Each structure stands twice: as C-alpha cells, then as structure tokens.
Amino acid sequence: MKFVLALLVSFPLLAQQATQTAPDASASSPTPTGSEWFTGSIDLGYRFTSIGGDNDVYRSVVNLGQGPRLLGLDFTIVDPKKRLFDRLNVRAYNWGGDPYNTVHLDAGKQGIYNFNFDYRDLAYFNLLPSFADPLLGTGVVLDEDSYFARRRMSDFNLDLLPGHHIMPYLAYGRDSGEGTGITTFYSDVNQYPIADQTFDKTDNFRGGVRLEFNRFHVTLEQGGTTLRDDQDAYNSTTNYGNNLQPYFGQTLSLSGLDQAYGIRGSSIYTKAMFTASPVSWLDVSGQFLYSEPQTNVNYTQYDTGNLVLQSAILFYTGEQALGFAAGKQPHTTGNVGFQLRPFKRVRILESWMTDRMHTAAAGQFADTLVQSSAGTLLTDSMVTPLASLLALNFNQEQVDVLLDVTHKLTLHGGYRYTWGDAETGDALVAGPGQESSQMRQQTGIGGVNFRATQKLSANVDFEGTASDSAYFRTSLYNYQRMRARARYQLTNTLSLQAILTLLNNQNPLTGINYSFLSRQNSLSAAWTPSKRISILGEYTRSTLYSNIDYLEPETLGSETSLYRDNAHSATSLVDIALPGYNKLVPRLAFGGSLFISSGSRPTTFYQPMVRLLVPLHKNIAWKSEYRYYGYGEIFYQYEGFRAHLMQTGLTISR
Amino acid sequence: MLNNRVLPLLLLCWPAGAQTPAAPAAPALPSSAATYVGSETCQPCHEDIYNAFLKSPHNLINKEKWRNWATRACESCHGPGSKHADSAEASAIINPAKLAPEESSRVCLKCHLNQPTHIGRIESSHAKNEVACTACHSVHAHGPNGLVPRKMAAINEQCAGCHTEIWAQFQRPYKHRLPEGAMSCVDCHNPHGSIFMANTQAYAANETGCLRCHGNLRGPFTFEHAPVRLEGCGACHEPHGSANPRMLIRAEVRYLCLECHANLPNTAAAVKNPPALGGVPPAFHDLYSPQFQNCTVCHMKIHGSYVNGELLR
C-alpha cells in the first residue's frame, strides 16, 4: 500500500490513459489546407531493449524487440482534380519487426465510391511456465500449452454510390493464422507434450445493397465463408510424458507420432435489416439474420511406443486411428423493436429478440492397436460412431420507458423477460450422455440521468434480476447490476469524473451456493493549469469476490472454490511544453500506468514512460522515449521480468 | 427465406417514401417567423466554421437535394436562420450542443435514422443512457479523421474518456492489444447499438464477433463445449484484461472448470426440473496430483473437438 501511495504521489495526478499521446507533430492529424495536395508524417526510430528476468514471460506480455522501426506513417493525398479519388488517407504503425503491424487505407470519390482496406499482423507468443506444466514441481519444464503464432486480418470494403438511394457494396475479409507450439498428445494414463504446427484461414465474401430513403431503410446482404484449418502434431524421440510412475510395472512412453487434422468448412449467411420512421412519433427497426456454417474433418493418427489401453489393461506398441466427421450449425436470429413517442416527454422502447441455434454432427472413429514385437494385431479396428447435438433457443422481450421530467432530468424504467432452453450431448444414445437445461429471468430496470448544468452531470443505471433457472452454476442468477457516473467541470481548467460499477450475483441453490461480488470505483481528472501544461490522471480500485461450492471428483465431497482479486490501477500523462526557440517548441511528456493486485494471483505490472520531442526544423523533430516494464507475481516469482526500452528517432512531417 | 417474403412487402409499404422524398421534419424553431436564408449567409460571421465545414464530409449536405437541404447545410441542423441573421442573438437559433441529449440526437437522426448504422439503436445502452451523438462526433470537423476518431489509439482514447474503469482493465498484463494500438474498442463493440450483449459486434450475420479474429475456433465442432455457444467466450475469458494467463477469469484452470463441472448426472427426476449443465468428472481425477490440476493439459480441445467427446483430441 505504501508503494501504491508513493507511486500515486510520484505521478502528480493520475492520468486518464497511458496511450494518450502528447499533441506532438506525429500525433496531430495532417489536415490538408490551401493548395497542399500531400500532407503527412513519418516516424522512424531505433529501439534498444534490456530485459532481465524471464524473457519468455516478457515476450508473452510485452514482446517488443530491439532494432530499427517504422513507428508510424500517416499521410493524406487530396487530388484537386478529383480524378480517381477526392482524398486518400493511409495510416501504418509499428512495422519493422514489432508484433503489432497495422495498415489502413481510405479512399473515396464523392457520390461514386468509398473504399477502405485494413490489414493487421499480430504476433502472439505465449510461454508461461506456471500455466500448464504438471512436472513443474519436480523442476521439469516441458513448455506445455505454449505457442508462437501470427494472426493476419485483411478487410476490403467497397461501397458504391454513397449518398444515393440505392447503394450496392462488396466486401472481402481474410483471417489467417499460423504458428508452432507445444500441445499434448493424450493417451490413456499418460499425456505427452509434443510439438505441433497449425495453419488456418477463413475467407469471408459478402455483398449487398442498401436502400436508403427518408422514411425507411433496408439492407440486404448475402455472404459466405470458407475455412481451412490444418493441425499437425508430431514426435520422433522417446517421450515419457507427464506420468513418470510405472503402470503395472511398465514405463509408458511415446516414441513416434504423426497426428493430423484436416478441417474444411464453409458457410452461407444472410442479413436483412430495416429501419423505418413511418410517422414522426414512431421509429421501428428489425433484422433477420441467418447463418449456416458447416465443417468436415479428416483425422489421422499413427503413434508408436509403449502405450496402454486402460479399459482392458492392454499394452501395445503401435496404434492407427482414423476419424471423419461432419457438422452443421443452422443459426437464426430475429429482432424487432420500436421507439414510440406518444407525448413530448415520454419515450417507450420495446424490443423482442429470438436466437435459435442447432448444431448437429456425426462421424466415425476407427482405432486399431498392434504389438509390433510379436507382429500381431491386438485388436480389430474398433469403430466408434460419433454423433452429438447442441440446441439452443433463446428469447428476450424488453420494454423501457424514458420520461423527461424536466429539461435536466430523465428517468428510466423497464422490464425484461429472458427465457430459453438448451440441450446438449450424444445424439445417438439418450440418457446420461444427454443434458438439458432451461433459463428464465425477470429483470427490473431503473435509471436516472441528471444534467444539472453544462458542467455537472450524473447518471445511474440499475437492473435487478430474479431467475427461476440458469444454464450453468456460474451463470447470472439473482443479480443486481449498477453503474453510476458523475462528471463535474470544477473550473475552466479542471474536470473530474467518478464512476462506480457493481455486480452482485447470488445463486443460493443447494450444492451451488454461488456468491459473486464485483466492484470497480474509478476517479479521473483532466487538468490544464496553464497553456504549457496538461495533466491527465485516472485511478481505479476494483475488487472481486467469488465463492461457489463444487464436488471433489474423487470423493464427491463438497468443497468451496474461492477467488479474490483486489486491484489498484492507475494511469497518468503529464505533458509540458518547454521553452521554445525560433517558434519551435520542445515537449516533455511523462506518466504511464501501474497495476497492483492481491488475492488469488497477486501481481504487479508497472509501465512508466518518459517522452521528449525536440523540433529541429518546422518539419523535423527528434523524438525519444523511455519505457520500463516491470512484472512480478508473488506465487510465481520466477516469472517476473524487468525491461528497459529506449527508443529514439525522427519524425518528419509535411 | 424470410427475406424473400417480407422485404418486398416492406418495400411496397412505403412506396411514396421511396421515390418522393418527404419534406424533412422541421426542427423546433425559436420563432415561427424564421425562414431559411442559406449557408452563405452564415459565412461572414462564422468564417472559421464555414471554411472548415467545406472540407467536412457533412459538406455533402450543401449539394444534396434528396432532403431539400441543398445550400442550407448549416440550417439543416441549426434550423431556419433568418431571425438569427437579423438579430445576431444566440437565442434566435437552435444550438444542438445546448439541447438535451435526446433532442440533440434527434437533430442528427433527421438524416441518419434510416441508415444501417442505426440497426440496434433501440437496444443500445448509449441511447438509453442519453449519450448524444455529439458526445463522440464532431459535426463541423474535417481532416482524415472526419467526424469521429479513426486511428485506433484515438478511438480507444475517446471511449476511455467515459469508460475509465474498463480502460483500467487494459492495464493488466494479459489483455487484448488495445493499449498497443493494434485494436480498438469498435473492433468488438458497436457504439451505435447492437442486439447482442454489451453492444458487441457480430460476425457473418449472427455469430459472435470474437470469430472475426479467431476463426479457427468457429466450428461447428462435432463435440461442442456448451458454454462457448450458450454464454460466449466471456464464460471463461475476461476480454478486457486479466491478471490470469490467457485472460482467464480464474487464477487456476481446475477451479474454472470445476465450478461448472460439479453436477451429479441427470436423473429421471431431473427431467421436470433440469439442473445446470456440467457433470462432475470421473473419480480418477486426483486433484492433489499436478497431472490433474490443469484440465486443459488433457482436454486440450477445450473450445470443441472434431473427434472426441471428452475434448481430449
């Protein structure tokens, strides 16, 4: 706590957010003025890193590396003759080895088209020794459940005839991922950490037309996706797995494995949406959404070693498994709502929604075991049919009434009824393999919005729900949810905001006894004491308390799962314009964020930073930034790291 | 298909509105005597705004005949300006910035209501909480960001201005990459409203928006893990940020699983009063052994499996 207070004092005021950047040359929007046809900026630099502690955890949490970088590129081209486009905007950030590369392009010609393209290439590294290493206590770390993957997302959108009554549009998106990692090959009694390689891509094609008129609008869209998902796991050395205990006197091992999933999928989907205002006191909207994804999978598995079929205590040295399956998931969603304004001060909002999904899948799995030393086939192919279903029917009806008591005060009340049922399990055999459940909730809604002056406003939202049944033990059952927010502009230079959120959920049913309470209290301030200085700060105190009974699997004795998370979070940014020269004004910014928690996983995470921008010329500035990342966990101290990052470079603008 | 039947009906229902633009609803006037004077009348006194507006996407209104606002862009929001032009009094013209949020938004909705953006507006918590359009949009603005921030960092900054408690969650170590500028709030949420929980975006019509970037978890799987479909990714993950690896809502995986998987098998009596979903694991799961303390070591296909009902492969 002392440390928290010390940090709070060290940041003159807690800031709104760490990402808020000083209004330097690179952050300002290049606005075309006069006859300038090209405006923009480029931000080039070099980052130095010094990392102490667990480098794998650093890469899992931060993952910024050393080297030259294109930190930002942002330009606008205005074509005065408006040939191919009126204006073209391009933004690109974090290229040259950083894990978060982004590019965005907008182009348009008034009344003819709007085009935009978005591309992101995100690298995910995840290797946390404490997460999934069963042998960690013995000092053996097999990096289980770790991966290094990249996900790339591309989106192209072309809107034709914007501003006209009839606007066709086309869009294409691709989401792909590839990577390597350590997964587990499960065999009876033992599991073997093995290398795996994955590649998947989803292509999404869609097109439609928007019809926009004064009193109504309709959008019709038809789309489809294709999926390719290949997963391969392999092993070619003797692998003793997680269970080092002999099983009936024999040491189990895996000496060879080739496991492959070939998944292919597709879907069609349809969207039909409308809004209408047939009369001045009524707005209506609705949508019909339908999708039908389906997949086909071919699975092959060849493994060798000293393995066991536990149900028959049958040791074997080779196994061949083949599987195939197909699944389909028709999914329909419908919604209709209206806003009625019968009197000047009253608004009635009514909305109904239904969501129906039915997954059905079937296939076959064949498994053959051999004892290679004797050259014998231990089992004929054991063929298992695969079949399952998951059906969901969800419905919701809600009515809200908003009453403008005065120009400054609005009251809000409402009622929501939510109901549904779900069924899941084996589609072939009724009985213990199948489960079903229902959900019934009645919710009362209330709220106040008070706008005392332009400088002071406050609003409170509340909803309380009573349930007859819920799908899961941890689902929302009897709960109260509240959010209150107040904003006050104390002076012309200082404004304050306070937020309080609360969620209290109780499920008193025997054997569950779920008690959940989550609170988040936040205070933020924005202060500009002079033209040269601005200070933003934010502090959030959050607490989470959860108790729920569960059954210990071995004895079926009742136990309680406890989870606590008590956290302090703060962010700040102080921006100072230093004395200038020749109309060039250097800027200094400092701040950052901290996170300190106690409870079930006590953690500290500090991210302070200092940034200096020195203009060298009206179009060139030297920018340097220092960041520190400090991460620590009390229960897993070996996972801590401390990283110093120094970045320096030039910002060139036009 | 429903759209084949209903949509033609809808189109037929408003034929007049379709081809003959109705006169726009006149905004409340400070005085009934006020008349339209045209945008150029505004220029001499409000030159900065006028010049900026010429580069704004909203300048389209000055050329638009659809709603009869051509040459009257300023008055399309501020109402007829003759009285104000004569008297130069602020009270003689509508200032949307000083209206109550609902009245202010109605000014925008005169043109923007019947657009696809506003599907879900009736269900939107922003609308119900009296968040006016101008809370996020700068009506006179121009430049590459147009009327609203477009850069991801700027979008996040704007949302965090009101949702500070959410932004605090992004300061935790395991989170989506918003603070790094690789994502923005609107990648997952639709600020104009959505029929889905927490104004979340949908993917491919009505599938969860998470699948836009996590397409490999889409399925349909031969064996689904029910909470993924029934309660969404948030049943196990805290999308804004967590102190727990993989953004899980519990510090240890076994508790996350056992909190649901603690029901005795269904019995005949349960048919009338179905219990919660999630049966207790078989007795060989010795939780004192590290081998069984992280369920996903064996049940690695936890989001759904194509070939194994226990999600083991």
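These questions and answers concern chain B of a predicted model and its contact with chain A.

Q: What makes a residue of chain B count as buried, and what percentage of the 313 residues is buried?
A: A residue is buried if 20 or more other C-beta atoms lie within 10 Å of its own. By that rule, buried residues make up 49% of the 313 residues in chain B.

Q: How many residues does each chain bring to the contact between chain A and chain B?
A: Chain B gives 106 residues and chain A gives 151 residues. The criterion is C-beta atoms within 7 Å. Elements of chain B that each supply at least two residues include helix 1 (2-13), helix 8 (152-162) and strand 3 (223-224).

Q: What makes up the side of chain B that touches chain A, by class?
A: This side has 58 nonpolar, 27 polar and 21 charged residues. Gly is counted as polar here.

Q: How do you know where the domains of chain B begin and end?
A: The bounds come from an automatic or database domain assignment. That assignment gives domain 1 (29-148), domain 2 (149-214) and domain 3 (219-264 + 278-305).

Q: Which residue counts describe the contact of domain 2 of chain B with domain 3 of chain B?
A: The C-alpha centres of these two domains lie 24 Å apart. Their contact takes 10 residues from domain 2 and 11 residues from domain 3. The domain 2 side has five nonpolar, three polar and two charged residues.

Q: What is the secondary structure of chain B?
A: Chain B has 12 helices and four strands.

Note on methods
Residues numbered from 1 in each chain as written. Chains lettered and ligands numbered in written order. Predicted model: local features only at pLDDT ≥ 70, side-chain atom pairs only at ≥ 80, totals over all residues. Contact = placed C-beta atoms within 7 Å. Buried ≥ 20, exposed ≤ 12 C-beta atoms within 10 Å, placed from the backbone.
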